[in-house]
Amino acid sequence: MKIGTIILAAGDSSRMGGEPKQLLTYKGQSLIRRVTETALALQRGPVVVVLGANRERIVPELQGLPVTLVDNASWPTGQASSLKTGLAALYITHKDIDRVLVLHTDQPLVSLGLLLHMVEVGKDDQKGIIACRYDTQLSVPALFSRDYISDLLGLEGDKGVKWVIGKHRDDCSEVPFEAGAIDLDSRRDIEFFHQVLAQVQ
């Protein structure tokens with residue numbers, strides 16, 4: 001199974017006061033470097049990182065990694081434009097991919113083990129979508145068969161992968177990932193994350 005991975009990293013971290021959340025560190029690594037290395041460790045196909053705001057600050061974090069960096073000038077319009085940009089970059093040179101994996105940068109506890117488990121679930125269940133469940137939602141990380149590329153390309157504005165997952169719920173397998181609820185969107189999220197880490201260490 002050849003998997004093309006899209007890492008969405010174009011946002012401006014407005015709830016962080018302008019400080020790029022992609023550059024927050026966890027276990028000595030920036031979040032963008034961490035999620036990119038995890039995607040590469042899957043060793044299933046090309047990895048594309050979609051950049052927008054703060055590009056000049058983020059690019060050095062990815063130096064030396066065998067990934068494709070693409071710029072989304074339309075990032076202020078919402079997540080859909082970044083998905084489309086990433087898909088276009090994948091299909092320019094890799095038209096033979098079987099599935100598309102979508103990752104965000106603000107989930108620090110995404111691991112290689114989780115991604116491998118998602119791939120295995122996809123093989124066993126033969127569903128077109130494999131999505132992670134946390135809190136009350138199904139969302140990223142999410143794995144889509146190539147049959148859903150047109151749906152992803154049809155998204156507009158702030159509509160993201162959750163919209164496609166919800167539309168095709170009958171063709172979706174769930175992977176429990178409670179740690180996915182930890183997404184570092186604001187300074188309050190960061191404070192809570194550090195509190196949780198202090199309790200388990």
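1. The sheet comes first. In this predicted model, seven strands form an open sheet with mixed pairing, and their order is E5-E4-E1-E6-E8-E7-E9. Strand E5 (68-71) and strand E9 (172-176) are the edge strands, each with a pairing partner on one side only. From one strand to the next, the twist averages 25°.

2. Now for one pair within that sheet. Strand E1, residues 3-9, and strand E4, residues 47-51, run parallel and are joined over five bridges. If you would like a place to look in the viewer, try Ile7, which stands opposite Val49 in E4.

3. A helix belongs in this picture too. Helix H1 (residues 31-41) lies across E1, E4 and strand E6 (99-104). The direction of helix H1 is at about 175° to E1.

4. Next, a single residue that you may like to inspect: Gly122. This glycine is found in helix H4, which spans residues 112-125. Is Gly122 buried or exposed? Its relative accessible area is 2%, and because buried means under 20%, Gly122 counts as buried.

5. Which residues does Gly122 touch, leaving aside those up to four places away in sequence? They are Arg99, Lys127 and Ile130. Arg99 sits 23 residues from Gly122 along the chain, and the C-alpha atoms of the two are separated by 9.7 Å. Strand E6 covers 99-104, so do have a look at Arg99 when you view the sheet and helix H4 together.

Definitions and conventions:
Residues numbered from 1 in each chain as written. Predicted model: local features only at pLDDT ≥ 70, side-chain atom pairs only at ≥ 80, totals over all residues. Heavy atoms only, no water. Helix = DSSP H or I, 4+ residues; strand = E, 2+ residues; numbered from the N terminus. Buried < 20%, exposed > 50% of the residue type's maximum accessible area, 1.4 Å probe, protein only. Contact = heavy atoms within 4.5 Å. Pairing = 2+ DSSP bridges. Axes fitted to C-alpha atoms, helices over the stretch in contact; angles between N-to-C directions.
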